[in-house]
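Please open the structure in your viewer and keep the selection tool handy. We will go from stop to stop, and at each one you will hear what to select next.

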Amino acid sequence: MASVSEILVQNLTYHHDPSAPASLSDINIDLPKGSRTILIGANGAGKSTLLQILAGKRLVTSEGAQILIQGRDVFRQSLPGVTYLGTEWKVLTEAIVASGAMNPVVRGDIVVEHLLNSVGGYRHKERRDYLLDILDVDLDWHMHAISDGERRRVQLCMGLMQPWDVLLLDEVTVDLDVQVRDDLLSFLKEDGECRSATILYATHIFDGLNEFPTHIAHMRFGSFVTNPIPWPASTIDPPVGNNVGVLDRALFPIALRWLREDREYRRVLESAGRRTRGARRGQALPSSSEEFYRKYDYSH
Ligand SMILES: Nc1ncnc2c1ncn2[C@@H]1O[C@H](COP(=O)(O)OP(=O)(O)OP(=O)(O)O)[C@@H](O)[C@H]1O
């Protein structure tokens, strides 16, 4: 693999809200063309925020920050080869379908074949047909009358029909059954290898993922604890009790260990005064509040 930077981020700090702590702090990553990186981190670690910034969906104003894909600034130059698929994409598509707006083909109740053609399916017929097969999509489905997982498959087909150079994936496989998920991951890996395309993928599902990445990375509290490192990772100690080579390639125990370390780290911060999560033991509800909740407890 050539070591040309495809995604380069330098000195990135980002606040969703200027009065709140940074959601991303001093991020520096350099991903080569053709790499497939899995972002691992607990809920709230900053994975989605990073992917949205790379997709040009959030403007970064911090001084000195550089966010480049193929050497181009993601905010200043359009990047036609960059595809972002995230959870709000589903919401967006549902909103379009529900409103019947945006596109003359969309009239509330839309047939999948029309929907795909309205976003260029006819131009990418070969890829579209391949994706229709592996995602097991029926062209005659009506978008308003299918399951969440089926709708997700149509949306993946829509998003992946056009060949991409850089694919930013934010947990898009949650609704998929295991067979479709496995076929999709195989397609993404083979397609990426064939075209030397780059993937950055945030997920919490590690089943069947061991052979997918070329790199893995660990985010915690908006920073990289482990910057993207090649996978399988010779620099990571094998999980405790594991001396077997094949398990050294298992992502799940590594992700679990990293997340447990994150929890421990947060507990140390909490004992030093950071705002706590979880149960607030020893903290009784004021009697006036308890009286109020007894009166308006709708679960009875
Ligand atoms: N719209 C928002 N406004 C304010 N803060 C936000 C917003 N979205 C996210 N955050 C905060 O930014 C931080 C990073 O959130 P982000 O969604 O990037 O995490 P994540 O790693 O993708 O989490 P998850 O695994 O749950 O998807 C969190 O502390 C979160 O509370």
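The tour below starts with the whole chain and then visits its parts.

**Before you click.** Residue numbers start from 1 along each chain as its sequence is written. This is a predicted model, in which local features need pLDDT of at least 70, side-chain atom pairs count only at pLDDT 80 or more, and totals for chains, interfaces and linings use all residues.

**The whole chain.** Show it as a cartoon: there are 8 helices and 10 strands. Helices (H or I, at least four residues) and strands (E, at least two) are DSSP runs, numbered from the N terminus. Of the 300 residues, 32% count as buried, meaning that 20 or more other C-beta atoms lie within 10 Å of the residue's own, with C-beta atoms placed from the backbone.

**Strand β8.** Next, select residues 198–202. All 5 of the 5 residues of this strand are buried, so β8 is largely enclosed by the rest of the structure. Turn on the side chains: T198, L200 and A202 point one way, while I199 and Y201 point the other way.

**The neighbours of β8.** Add residues 36–40, strand β3, which pairs with β8 in the parallel sense over 4 bridges; two strands pair if DSSP finds at least two bridges between them. Here I38 stands opposite Y201. Now add β7, residues 166–170, which is parallel to β8 and joined to it over 5 bridges. V166 has T198 as its bridge partner in β8.

**A β-α-β unit.** Keep β7 and β8, and select helix α6 (residues 178–195) as well: together they make a right-handed β-α-β unit. Right-handed means that, with the strands pointing away from you, the path from the first strand over the helix to the second runs clockwise.

**The ligand.** Which residues surround the ligand? Select H16, D17, S23, G41, N43, G44, A45, G46, K47, S48 and T49 to see them; each has its C-beta atom, placed from the backbone, within 6 Å of the ligand.

**Helix α1.** Select residues 47–54, a mostly covered helix with 7 of its 8 residues buried. Among the buried residues are K47, S48 and T49, which also belong to the ligand's surroundings. After α1 comes G56, with a positive phi near 75°.

**An open sheet.** Finally, look for the 4 strands in the order β2-β1-β4-β5, with antiparallel pairing. The edge strands are β2 (24–32) and β5 (72–73), each pairing on one side only. Strand β1 (residues 5–14) is joined to β2 by 6 bridges, and L8 has D30 as its bridge partner in β2.

Definitions and conventions:
Buried ≥ 20, exposed ≤ 12 C-beta atoms within 10 Å, placed from the backbone.
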